[in-house]
Amino acid sequence: MDVFVARQPIFDINKNVYGYELLYRDGIDNYYKHIDGDVATSEVLNSSFFLIGLKSLTNCKRAFINFTTNLIQSEVPTIFDNQLIVIEILEDINLNFEIINSCQKLKEEGYMIALDDFIFKPKYLSLLDLADMIKVDFLATTRKEREQIANIALAKGISILAEKVETQEEFEEAVELGFSYFQGYFFSKPVVMSGKDLPISPSNYFRILEELHIAEPDLDKVAVILERDLSLSYKLLKLINSAAFPIRGRIDSIKKAVTMLGIDEFEKWINLIILKELCEQKPKEIIRLSIIRAKFSELIAQEIGREDKSKFFMMGMFSLLDVLMNDRFENLLSELPIPEEIKSALLKEDGIFANVLKLVLAYEKAEWQKLSQNARELEIEEDKIANFYQKSIEWCNNVLAHTA
């Protein structure tokens with residue numbers, strides 16, 4: 001039986017991923033079913049820790065999970081590593097002596113406690129003394145309420161997290177008020193704060209050079225390394241499309257780009273890249289998401305019988321390029337010699353490539369009604385999709401583990 005867990009990244013002030021909130025989902029459905037809270041949390045814990053695996057879901061970063069009154073009093077959180085979970089307490093918790101005592105024990109055992117959807121009321125004073133973090137819903141509170149909560153939290157040395165942040169203005173307000181962590185749809189397409197370059201994996205450069213320095217370089221190996229590095233792939237395609245290199249046809253694979261450039265010229269280029277860009281590595285969640293989308297798209301393409309699955313991989317890889325480069329797709333794609341069907345999918349949401357991308361995005365956002373529609377259009381069995389996504393996460397983790 002397939003299991004489903006929705007996840008949303010939580011960022012720090014530098015927009016690095018601090019952790020993920022894990023949410024209950026009841027499979028491929030057209031809406032979230034409001035089932036019993038104990039059941040929902042138990043399903044999330046079971047799926048996350050025992051079936052899918054927390055390494056795959058959160059890359060071993062902290063998992064924020066809602067715990068009900070019953071589960072806290074039953075000391076269920078102590079089953080799990082106190083360095084891996086954050087205990088979220090909802091605003092409707094039944095506050096009594098037993099729950100305060102249970103939270104005190106969890107605190108003493110090193111567990112982080114976060115108050116979710118927090119709105120200040122006198123009855124919460126006892127919980128404030130135990131809280132490590134307060135989560136404030138920006139859609140459900142006014143500016144005055146947010147400021148009041150921030151002042152209380154900061155005075156007590158409690159971190160504050162802004163959730164349901166949807167605009168740049170809300171993010172800036174949260175920063176101004178002293179919030180340290182952020183969550184919401186504004187971050188589903190994070191804005192890169194510095195420059196217009198892409199994060200790199202320096203070890204990839206040396207792996208490529210190592211291959212190039214043998215008597216007969218294997219272009220397939222070189223292409224595999226390049227495909228796993230969005231920065232190198234993007235720069236190579238820009239080079240191929242530059243005025244200094246007369247293009248001869250569309251590029252539908254990274255291997256074709258390397259072949260077109262030639263080994264000698266390719267080696268000169270990679271050396272220039274090393275000299276210019278070898279710097280401190282700063283992993284970005286958006287790069288990880290790009291890699292997951294690339295593999296997810298490829299697996300779907302393979303399932304529906306497409307022989308050009310490498311094109312779908314490329315589409316997924318470049319699907320967040322506008323976010324990474326702080327520029328419009330129209331401007332960025334005009335500089336890249338990629339197939340027109342990929343450009344059409346990213347610009348116009350048109351064609352089979354767009355349909356695959358829509359399915360990928362629907363799964364990411366747990367929009368099950370849209371997912372069902374996309375699956376029907378692609379004539380793909382819905383019960384296979386979750387497995388494809390899990391495989392994509394595992395593949396991405398493996399890729400990043402070997403490019404650190």
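Colleague: Is Leu139 buried or exposed?
Modeller: Leu139 has a relative accessible area of 52%. Buried means under 20%, exposed over 50%, and partly exposed in between, using a 1.4 Å probe and protein chains only. Leu139 therefore counts as exposed.

Colleague: What kind of model is this, and which atoms do side-chain values use?
Modeller: This is a predicted model, where local features need pLDDT of at least 70, side-chain atom pairs count only at pLDDT 80 or more, and totals for chains, interfaces and linings use all residues. Residues are numbered from 1 along each chain as its sequence is written; hydrogens and water are left out, and side-chain values use heavy atoms.

Colleague: Which residues does Leu139 touch, beyond four places in sequence?
Modeller: Leu139 sits in the loop between strand E6 (133-137) and helix H6 (143-155). Helices (H or I, at least four residues) and strands (E, at least two) are DSSP runs, numbered from the N terminus. Glu166 is 27 residues away in sequence, with 8.8 Å from C-alpha to C-alpha. With contact meaning heavy atoms within 4.5 Å, Leu139 touches Lys164 and Glu166.

Colleague: Which backbone oxygen does the side chain of Ser233 reach?
Modeller: Ser233 lies in helix H10 (residues 230-240). Ser233 is buried, at 3% relative accessible area. Apart from neighbours within four places in sequence, Ser233 contacts Leu226, Glu227, Ile254 and Phe318. At 2.6 Å, its side chain reaches the backbone oxygen of Leu226.

Colleague: Which members of the largest nonpolar core touch the most other members?
Modeller: A nonpolar core is a set of buried Ala, Val, Leu, Ile, Met, Phe, Trp, Tyr and Cys residues joined through side-chain atoms within 4.5 Å. The largest one has 65 residues. Those touching the most other members are Ile208, Leu226, Phe266, Phe296, Ile300, Met315 and Leu359.

Colleague: Which helix gives the most to this core?
Modeller: The contribution is ten residues. The helix spans residues 285-303 and is H13.

Colleague: How many residues are in the other core?
Modeller: This core lies apart from the largest one. Ala63, Ile65, Val76 and Ala162 are among its members. Its count is 42 residues.

Colleague: How many cavities of 30 Å³ or more does the search find?
Modeller: On a 1 Å grid over the protein atoms alone, a cavity is a set of points where a 1.4 Å probe fits but cannot get out; lining residues have an atom within 4 Å of a point. Grid points are joined across faces, edges and corners, and a volume is the space filled by probe spheres set on the points. Over the whole structure, the count is two.

Colleague: Which helix gives the largest share of the lining of the largest cavity?
Modeller: This cavity holds about 70 Å³ of space. Its lining is Glu227, Ser233, Ser253, Ile254, Ser310, Phe313, Met314, Met317 and Phe318. By class, that is five nonpolar, three polar and one charged. The largest share, four residues, comes from H14.

Colleague: How many of the nine residues of H14 are buried?
Modeller: Helix H14 spans residues 309-317 and is mostly covered. The buried ones are Lys311, Phe312, Phe313, Met314, Met315, Gly316 and Met317. The count is seven.

Colleague: How many charged residues line the second largest cavity?
Modeller: Its volume is about 40 Å³. Its lining is Ile89, Leu90, Glu91, Leu115, Asp116, Asp117, Phe118, Tyr124 and Leu127. Ala, Val, Leu, Ile, Met, Phe, Trp, Tyr, Cys and Pro count as nonpolar, Asp, Glu, Lys and Arg as charged, and the others, Gly among them, as polar. Six are nonpolar, none polar, and the charged residues number three.

Colleague: How far apart in space are Phe329 and Phe318, C-alpha to C-alpha?
Modeller: Phe329 belongs to helix H16 (residues 329-333) and is buried, at 10%. Beyond four places in sequence, its contacts include Phe318, Leu346 and Leu347. Phe329 and Phe318 are eleven residues apart in sequence, and their C-alpha distance is 9.8 Å.

Colleague: What is the phi of Lys15?
Modeller: Most residues other than glycine have a negative phi. Lys15 is in the loop between strand E1 (5-12) and strand E2 (17-24). Lys15 is buried, at 8% relative accessibility. Its phi is positive, about 65 degrees.

Colleague: What is the phi of Glu379?
Modeller: Glu379 is in the loop between helix H19 (368-378) and helix H20 (385-401). Glu379 is exposed, at 73%. Although Glu379 is not a glycine, its phi is positive, about 55 degrees.

Terms used
Polar contact = N/O pair within 3.5 Å; in protein donor to acceptor, adjacent residues only side chain to side chain. 1 Å grid on protein atoms, 1.4 Å probe; cavity = no way out; pocket = protein on both sides within 12 Å on 5 of 7 lines; lining within 4 Å.
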